[in-house]
Every structure is written in structure tokens, then in C-alpha cells.
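Let's take a walk through this protein together, one stop at a time. Have the sequence and the 3D view open as you read.

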Amino acid sequence: MMRVKAEVDLSAIAANISHIKSQTNAQLLAVVKADAYGHGLVPVAEAAINAGASWLGVALLEEALVLRAAGLRAPIIAWLTPPGSDFVTALKNGVDISIPSIALFNEVLSAGEVTGITPRIHVEVDTGMSRGGFLGEWPEFLEILVMNSKKIHLVGFWSHFARADEPKESATATQLARFKELLLQLRAAGLRPDHCHLANSAATLTNAETHFDLVRVGIAMYGLSPDVETLGSSRELGLLPAMVLKAKLNLVKSVRAGSSVGYGGTAIVKVDTKLGVVAMGYADGIPRNTSSAAHVLVAGELAPVIGRVSMDQFVVDLGINSTAQSGDWVTVFGLADNSADQWASASGTINYEIVTRIGPRVPRIYLR
Ligand SMILES: *Cc1c(COP(=O)(O)O)cnc(C)c1O
């Protein structure tokens, strides 16, 4: 029946969480935005909490509400809630809101007044990434926050690193220093957040000074390296990739040397060979511009991608002696020789994107 599947090993996620927790005294916030980086929001969130994560983090309010509807009770922070978001529903569901602007603070205050529920907020400051968080509005906001401090619960104070995956760059130290300076200003104004959080996976794995009392871990929990070049591979970091992506061979056929493969004729086979047509394409999240540096595993043998990826299929070179048959399962990416890291470098992107873009046509199968 099945054409494709993504096997997600929840015990690998649990092992990764234990391994990360052994490297910090801080609590762990499991980042499960974007359908848990493609691994499946609710099953991953449950596995993470059972493995010792005490917080959940998502981008969208919708994602937080799915977690609450599934019965998850851990604190949840949503950090991408534009003006006009339904903060009344957020408060009724006990979702913590990140505050990056005075406008958003005012909306959340109003929702607090409407519901009679004290908003739980995390103040986000921009320490050098020029993305989310307070920058120019900060001094004015600090006064507004002091005036309204009784109407909110200041749960968190946080920021985000731009270059924590490059340990030799000074940018991280600069951001950390700025964070501490802003925290002192907050304290000098008489405000005490319950938690401070700054570290992503890369900072959690490499720089204990950034941990404070809570670390926000995404990619490492899924068993992938934040940056293979600078920090080493999954294996070198002691992490187990949790997702193995599989697809069936739709067809196996022999072709002559000189045959051109796929749209645009971008690849020509050099010698007589057998090609396998894999029943998965860019509609499933496989990047279209994937070079022959990407491989699938067919009965334990590596077979390179050949030609451009189509919407629902792509072609691999099985070699003349292959005994593969149509209907056989192949591993598109998995653990070692055909990892998400290799697919990332073969298509000019990062492992984060490779797993996150696997689409809804691919059923997730959970191994426990
Ligand atoms: C995605 C995200 C993280 C997790 O980053 P990783 O590099 O995957 O660990 C942490 N914090 C915020 C605000 C994020 O958006």
C-alpha cells in the first residue's frame, strides 16, 4: 500500500535529550515548531517531555494550541505571534507569549483585561541578530513594563544567537555580553524574570556560559548537528538521527550509455546501467536541485541520484549488476552514508531544511 514513509525513532529523541541534559544544569525546552522539524508535533512533544524536557517551544500560537488540545500540560512558549493574533485564546489555554514590541505588549495586556487572566510573558531582546526582539524601543518599553508589572507575569527574558554554530566567531560573545547588560537594566528597574534563556542547540553543546537556567534545543534533539563543518557530525556529537526516510522503487530499467535522464537532460549515463525510479519527489519535500552527491541506499548499496528531481519521482543509478526490483524499499536518507547532512550539502542547504520540508504526503511511522 504505502509508497513512502518517514520512520521517526522516538527512542533516539529520548536518548538525545538525555545526552544533552547530561551537558547542562539548565532545564531543557524542546523546540517543536514546524511539526517538530518535520518529525511530527505531538508524538515528539510527548516523547521529549517523557525524556526529561520540561518546556515546549513553538513559533506559532496554532502549534501551541494543538499541543494543549493533545493534553500536554508543560509550559509552552510561542514566539511568533504577530499583532492581531488571538491572545484571548492563548491566555485561556495557558500559552506563554513572547513580547518583541510595545504594540504586542499592549495587545496582550488587553487580552489579560478581557479574560481576567494574568498574561505569562517572555520579553525578547535583540542582542545582535537584527531579527526578533526589542532594540530601539527598549528604554521606552522598560518604563511601560515597570508601570504594568502587576498586570503581567514576567516568566522569561530571552534572546537568540545568530552564529552560535561558529565557535570561533566573536559575535556570540558580543551577544552574550549585550544580553547580560540588558538583564542588568531589567533588574535595576526592579523586575525579576523567572527564567533567562538564550542558548540554541549549538550554544547548548559548546558554551555553558550561555545556558542560564533554560536552554532551547531543536536540531540536536532530532539527532542532527547544528553545523557538521564547525561542530562535527551527529556521531561526533553523540547524537542519533531520529528520522529515516524511505520510498519504494516504482520501476527498475536498463538503459544504454549516452541516455539522458530527466527534465532538462541535465545528466547523461556514461555506461550501460540500470536505473531505479524512486516514488518520491519535490512534492514530498525532496529538493529539486539535488546533485549526484546525494545517495539512496538500495539493499545496503549506495546509489547516486541522477538528473533533476521531478514532482513525484526521481531517478537513481543502480549500476548494471543491481538485482533491485520495482516495489523494493529504498532508504532516501537515514543514518550514516546517506544522511540528511549529505542531502543538505548535495542540494546547497542545511539539514534543518532537509527534514523540515518533508511534506504531508509522507506518513510518519513512529518507532518507540
Ligand atoms: C528554532 C529555534 C531554536 C532552536 O534552534 P536549534 O538550532 O534548532 O537548536 C531556539 N530558539 C528559537 C527562538 C528558535 O526559533
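Start with an enclosed space, the second largest cavity: its lining has eight nonpolar residues, two polar ones and no charged residues at all. The names behind those counts are His39, Tyr222, Leu224, Pro241, Ala242, Met243, Phe333, Gly334, Ala340 and Val355. The space inside comes to about 40 Å³. Bear in mind as you look around that this is a predicted model.

How many cavities of 30 Å³ or more are there? The count is two. The largest cavity has a volume of about 50 Å³, and around it you'll find Glu124, Val125, Asp126, Thr127, Met129, Arg131, Gly132, Ser159 and His160. Sorted by class, that lining splits into two nonpolar, four polar and three charged residues.

Now step back and look at the whole chain. The protein is divided into domain 1, residues 10-222, and domain 2, residues 243-367. Their centres, taken over C-alpha atoms, are 37 Å apart. Where the two domains make contact, domain 1 puts in nine residues and domain 2 puts in eight.

That brings us to the largest pocket. Both domain 1 and domain 2 give residues to its lining, so the pocket lies between them. It holds about 980 Å³ of space. Several helices give two or more residues each to the lining: H2 (33-37), H9 (201-206), H10 (228-231), H12 (340-346) and H13 (351-356). Which of them gives the most? That's H13, with four residues. In total, 46 residues line this pocket, and those nearest its centre are Lys33, Tyr37, Arg131, His160 and Tyr352. You've already met Arg131 and His160, since both also line the largest cavity. By class, the pocket lining has 22 nonpolar, 14 polar and 10 charged residues.

There's a second largest pocket to visit too, with about 200 Å³ of space. Look for Val228, Ser233, Ser234, Arg235, Leu239, Leu240, Pro241, Leu335, Ala336, Ser339 and Asp341 around it. Six of these lining residues are nonpolar, three are polar and two are charged. Pro241 may ring a bell, as it is also one of the residues lining the second largest cavity.

Next, pick out helix H6, which covers residues 102-115. It has 14 residues and reaches 20 Å from its first C-alpha to its last, close to the 20 Å expected at 1.5 Å a residue. Which of its residues are buried? They are Ile102, Leu104, Phe105, Val108, Leu109, Ala111 and Gly112. These buried residues pack against helix H5 (87-92), strand E5 (95-99), strand E6 (120-124) and helix H7 (138-147). Just after H6 comes Gly116, with a positive phi near 75°.

A positive phi is worth a pause, because most residues other than glycine have a negative one. Two residues here go the other way. Asp35, which isn't a glycine, has a positive phi near 55°. Asp35 sits in helix H2, a helix that also contributes to the lining of the largest pocket. Is Asp35 buried or exposed? It falls in between: with a relative accessible area of 38%, Asp35 is partly exposed.

Phe212 is another case, with a positive phi of about 45° even though it is not a glycine. You'll find Phe212 in the loop between H9 and strand E9 (214-217). At 28% relative accessibility, Phe212 counts as partly exposed as well.

Terms used
Residues are numbered from 1 along each chain as its sequence is written. This is a predicted model: local features need pLDDT of at least 70, side-chain atom pairs count only at pLDDT 80 or more; totals for chains, interfaces and linings use all residues. Side-chain values use heavy atoms; hydrogens and water are left out. The expected span of a helix is 1.5 Å times one less than its number of residues. Buried means under 20% relative accessible area, exposed over 50%, partly exposed in between (1.4 Å probe, protein chains only). Contact means heavy atoms within 4.5 Å. On a 1 Å grid over the protein atoms alone, a cavity is a set of points where a 1.4 Å probe fits but cannot get out, and a pocket is an open set with protein on both sides within 12 Å along at least five of seven lines; lining residues have an atom within 4 Å of a point. Grid points are joined across faces, edges and corners, and a volume is the space filled by probe spheres set on the points. Ala, Val, Leu, Ile, Met, Phe, Trp, Tyr, Cys and Pro count as nonpolar, Asp, Glu, Lys and Arg as charged, and the others, Gly among them, as polar. Domain bounds come from an automatic or database domain assignment.
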